[in-house]
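Reader: I'd like to practise reading a fold from its model. Could you walk me through it?

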Amino acid sequence: MLLQYQAERAERLRQFHAQRAAAASLGTRSPNPDALDRIERDYFRKLEAYLDKGAGECWLKRLELADLVANALGFFDGERYRLDAWVVMPNHVHTVFWPMPKHSVSRIVQTWKRFTAREANKLLNRTGEVFWQPEPFDHWIRGDAEHARCCRYVTSNPVKARLCATPEAWKWSSAWRGERVTS
């Protein structure tokens with residue numbers, strides 16, 4: 001299913017760029033640039049629905065792995081980034097964060113993924129195995145209302161996936177109100 005979504009996205013992008021090139025060569029009106037946003041939005045909605053069904057390995061269902069990732073996300077909070085919202089789902093992770101000066105989004109994500117993959121593979125007694133998918137999805141937040149919406153989306157993800165009744169009930173989330181116990 002995932003490959004099908006990627007193929008659909010690639011075909012829609014190919015068509016958009018072909019239409020844009022044709023319009024440029026003919027001197028006619030180019031397709032609406034908002035169509036690119038629509039293509040990406042449609043793809044990631046399908047991807048989220050796929051993930052919310054519990055697709056994939058779901059390694060993060062294991063308590064020690066979910067704790068590992070949750071602890072890693074918070075480790076440099078306030079030093080390398082400001083972590084506003086986060087959730088560890090059974091098969092993926094969401095974060096809303098702001099990098100501190102001299103720290104980039106890509107480097108922060110790379111650090112999280114490298115550390116947690118190495119440690120998770122140790123716990124799983126695996127070597128040379130890929131733990132995370134290579135392509136993260138990032139979205140630039142452009143205002144306070146969008147920031148609040150994204151934070152709500154992230155912390156509500158376990159409820160949407162029917163893993164719990166309220167965001168506060170999901171232990172591996174910034175919304176959780178219980179005492180955090182590390183593995």
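Author: We'll go from the overall fold to the core, then to one helix and the cysteines. Keep in mind that this is a predicted model.

Reader: Fine. How many helices and strands does the protein chain have, and in what order do they run?

Author: There are 5 helices and 2 strands, and from the N terminus the order is α-α-α-β-β-α-α. The C-alpha atoms fill a box of roughly 65 × 35 × 35 Å along the principal axes.

Reader: And what share of the residues is buried?

Author: Buried residues account for 34% of the 183 in the protein chain. As for contacts between residues at least 6 apart in sequence, 54% of them join residues at least 24 apart.

Reader: Next, the core. What's the general idea?

Author: In soluble globular proteins, nonpolar side chains tend to be buried together. Here, the largest nonpolar core has 31 residues, and Val88 and Trp112 touch the most other members. At least two residues of this core come from each of α3 (63-75), β1 (81-88), β2 (93-99), α4 (105-123) and α5.

Reader: Which residues is Trp112 in contact with, leaving aside its neighbours within four places in sequence?

Author: Ala72, Leu73, Tyr81, Leu83, Thr95 and Phe97. There's also a second, separate core of 5 residues, with Tyr5, Tyr43, Leu47 and Leu51 among them.

Reader: On to α5. How do I check its length, and where does it kink?

Author: Compare the expected span with the distance between the ends. At 1.5 Å a residue, the 17 residues of α5 (144-160) should span 24 Å, and the end C-alpha atoms are 23 Å apart, which agrees. The kink, about 35°, is at Val154, shortly before the proline Pro158. Just after α5, Arg162 has a positive phi of about 65°.

Reader: How should I read the buried positions of a helix?

Author: An α-helix has 3.6 residues a turn, so residues three or four places apart point the same way. In α5, the buried residues are Cys150, Cys151, Val154, Thr155, Asn157 and Pro158.

Reader: Two cysteines there! Why does Cys150 not bond with Cys151?

Author: Because their sulfurs are 7.1 Å apart, too far for a bond, although Cys151 has the closest cysteine sulfur to that of Cys150. The structure holds 0 disulfides. Cys164 is in none either: its nearest cysteine sulfur, in Cys58, is 15 Å away.

Reader: Are Cys150 and Cys164 buried or exposed?

Author: Cys150 is buried, with a relative accessible area of 12%, and Cys164 is buried too, at 16%.

Definitions and conventions:
Residues numbered from 1 in each chain as written. Predicted model: local features only at pLDDT ≥ 70, side-chain atom pairs only at ≥ 80, totals over all residues. Heavy atoms only, no water. Disulfide = S-S within 2.5 Å. Buried < 20%, exposed > 50% of the residue type's maximum accessible area, 1.4 Å probe, protein only. Helix = DSSP H or I, 4+ residues; strand = E, 2+ residues; numbered from the N terminus. Expected span 1.5 Å × (residues − 1). Bend = angle between axes of the 7 residues up to and from the residue. Core = buried A, V, L, I, M, F, W, Y, C linked by side-chain atoms within 4.5 Å. Contact = heavy atoms within 4.5 Å.
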